[in-house]
Protein chains: 2
Amino acid sequence: MNPLARSAATLNDVAREAGVSLATASRVLNGSARKVAESYRERVESAAAKLGYTANLSAQATARGTAAIVALLVADIADPYFGQIASGVARGADEVGLVVTIAITERDAQREMKLVRALRGQRPRGLILAASRTDQTDAAGLNAELDSFTAGGGRVVTLGRSSADVRSVPLDNRAGTSSLGLALAERGYREAIIIGAAEGIRTSDDRITGFTEGFTANGLGTIRTIVRGGFTRDAGYTAAAELLADGVAEGTLVFGISDVVAIGVMSAIRDAGRSVGTDIAVAGFDDIATGRDIRPGLTTVRVPLEELGYRLLHAVVDDEWDASTAPLELEVIVRGSTPERATR
Amino acid sequence: MNPLARSAATLNDVAREAGVSLATASRVLNGSARKVAESYRERVESAAAKLGYTANLSAQATARGTAAIVALLVADIADPYFGQIASGVARGADEVGLVVTIAITERDAQREMKLVRALRGQRPRGLILAASRTDQTDAAGLNAELDSFTAGGGRVVTLGRSSADVRSVPLDNRAGTSSLGLALAERGYREAIIIGAAEGIRTSDDRITGFTEGFTANGLGTIRTIVRGGFTRDAGYTAAAELLADGVAEGTLVFGISDVVAIGVMSAIRDAGRSVGTDIAVAGFDDIATGRDIRPGLTTVRVPLEELGYRLLHAVVDDEWDASTAPLELEVIVRGSTPERATR
DNA sequence: CCGAAGTAGGAAAACGCTTGCTATCCACAC
DNA sequence: GTGTGGATAGCAAGCGTTTTCCTACTTCGG
């Protein structure tokens, strides 16, 4: 278009070029309820095309008071769990014409708070908190930030942790893990080790509780140990390596609080010269894409992550919204990492 | 924190609360070269804290003419390859106080063009194009958009594909794949099948060329077939499944153009009842995290993806920038998927 | 004690856009 | 010919910042 321009074309340029007023140009180009005569419309449109005009979103945002942005906070975008969620968010945002801004909390509450504060400055339509955060009181600062944000007219949406004035897409970690525990007990497992995150982290706690419930139901299984690690592959690896050094009986089941953790566990088992499956069984949670491709396949609970992201986005944008729409469907998926085990 | 506020506090509110002028408040809060007396500074700062003020970035952007944003275009954020790159970009952006906005091209040139156009509206500091894009002429529209963007003062950075006025972080696909091909030929492989993407996609073409060069050097190996798929796991799976249906000789090496593809290939091999390694060997490129955890481990070329993302970001923000800084170090990593093979 | 240099606060003009309101035009009915 | 009303173009006042001037006040040398 106009390679000589020192800076991007403005609406003013377009209006001048088309010989109409600023107001008219605005109405033609940036969706307004008001009608504009066809002849004017054409003039404006061709002027805009000629100048390669795009609306300055910042200016639009200041004028309108709100930006066409939704901010997404995840713990780690390289983690496939968050990657898949982000993917769903992005798809939904694209559909409704929003831009998504991403921020990485690194699972640090302090950092999360600062990020919310920074993002607040964008005046985004909404804030999606997908990062597992603690219920600790150090969340006070965060809550204050969130309140300020809501007061400013933004919408906060969280994953799995609902509260009064915050929309939230529920993920029934407890029910899911419970089914998993039960299914595995029924497959013949009697002793399990759980590798979770620190106490106080909601997601972790729920998954541990749920799994324990299911696995020990009817007095079938017993939880031998609960090890505290984190949500990463390396945390799983390290925790498992230590356990193995202390000795793990054949036929034990190790439940990693997430697939990522479980995958770390599998690697540790192999590196310790043991084998995954009949020797030591492993199960995870989430069903990230990788789980399909490793051998033996990882037994897990399928969470429709992309769909989850999509719903999170809609919880932000939809005006009327029902917290109790059909909950995300969780499904136990048994693969080779937990072969059927003959009960003695 | 003022929970009663109907909307977010503005700089005006802060100035009034502190009893100073708008100008002074601005100077105190949002970095200015000018000095402000300590007493005023304190008044303003405490007023800001009291009201929970955060600068309205949009307004700031309109006033300054540019936003503290960098936009990142990737093909698919759920793909670990892009996830790791994004992670590096995010880290760098965080360090210099930029917000990153993310957009998904789905590897569609049309879409990519529209996204650039939309993102241009944000007047971001820069645009990072990490998605492999074609060199086809249908890139004309894209180039026009990019020109407009640069004309407006933004900086475009691409991955691996340099051109005159666009900064680019080079990734020597050709050299990397060539070393890989050579290493595998030396390990005793003589017949290889390549699974690549469509012709005309630069990254794919380079990797195919490089691998061929290395593998056939000194007349050691022969490329049996080049199959055209895409950059996804499923593309790899499908392509491999078809090949296997037609019959693949024992001892053949399959080179998947990226780890993601190679992993799909591995799954297809297993699903066809064959085994990965001594039966059919597999190699990939990128060294995504998953490669460590699958068994056998995937032979590949290590690309420091996170670092790559970090450099991309710096190519955007750094004022003086040297295209020829130490290139990304690529390293062939041989794992179990390509066991040593006795030469007949 | 005067005038020349700084200093630093404040008024007001941008920045690019939206939008409430006014003004103009035209058609139609009486 | 006048009055009424429905369109629709354009003026101008915002939106929340930054930044350029302008000005009043200090400070300091002579």
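Okay, which helix gives the most to the surface near DNA strand C? Hold that thought for a second.

This is a predicted model, where local features need pLDDT of at least 70, side-chain atom pairs count only at pLDDT 80 or more, and totals for chains, interfaces and linings use all residues. Residues are numbered from 1 along each chain as its sequence is written, with chains lettered from A and ligands numbered from 1 in the order in which they are written.

So, the DNA. 28 residues surround strand C, and the closest are Thr10(A), Leu11(A), Ser26(A), Asn30(A) and Ala37(B); "near" is a C-beta atom, placed from the backbone, within 6 Å of the strand. And the helix is H4(A), with five residues. Helices here are DSSP runs of H or I, at least four residues, numbered from the N terminus.

Next, chain B. The axes of H2 (22-29) and H3 (38-51) come within 9 Å and cross at roughly 80°; axes are lines fitted to C-alpha atoms over the stretch in contact, with angles from 0 to 180 degrees between N-to-C directions. That makes H2(B) roughly perpendicular to H3(B), a label for 65 to 115 degrees. On the H2(B) side, the contact is made by Thr24(B), Ala25(B), Val28(B) and Leu29(B), contact being C-beta atoms, placed from the backbone, within 7 Å.

Last, the core. The largest nonpolar core has 190 residues, and Ile128(A) and Ile128(B) have the most contacts inside it. Such a core is a set of buried Ala, Val, Leu, Ile, Met, Phe, Trp, Tyr and Cys residues joined through C-beta atoms within 7 Å, buried being 20 or more other C-beta atoms within 10 Å of a residue's own, placed from the backbone.

Methods:
Buried ≥ 20, exposed ≤ 12 C-beta atoms within 10 Å, placed from the backbone. Helix = DSSP H or I, 4+ residues; strand = E, 2+ residues; numbered from the N terminus. Parallel < 35°, antiparallel > 145°, perpendicular 65-115°, else oblique. Contact = placed C-beta atoms within 7 Å.
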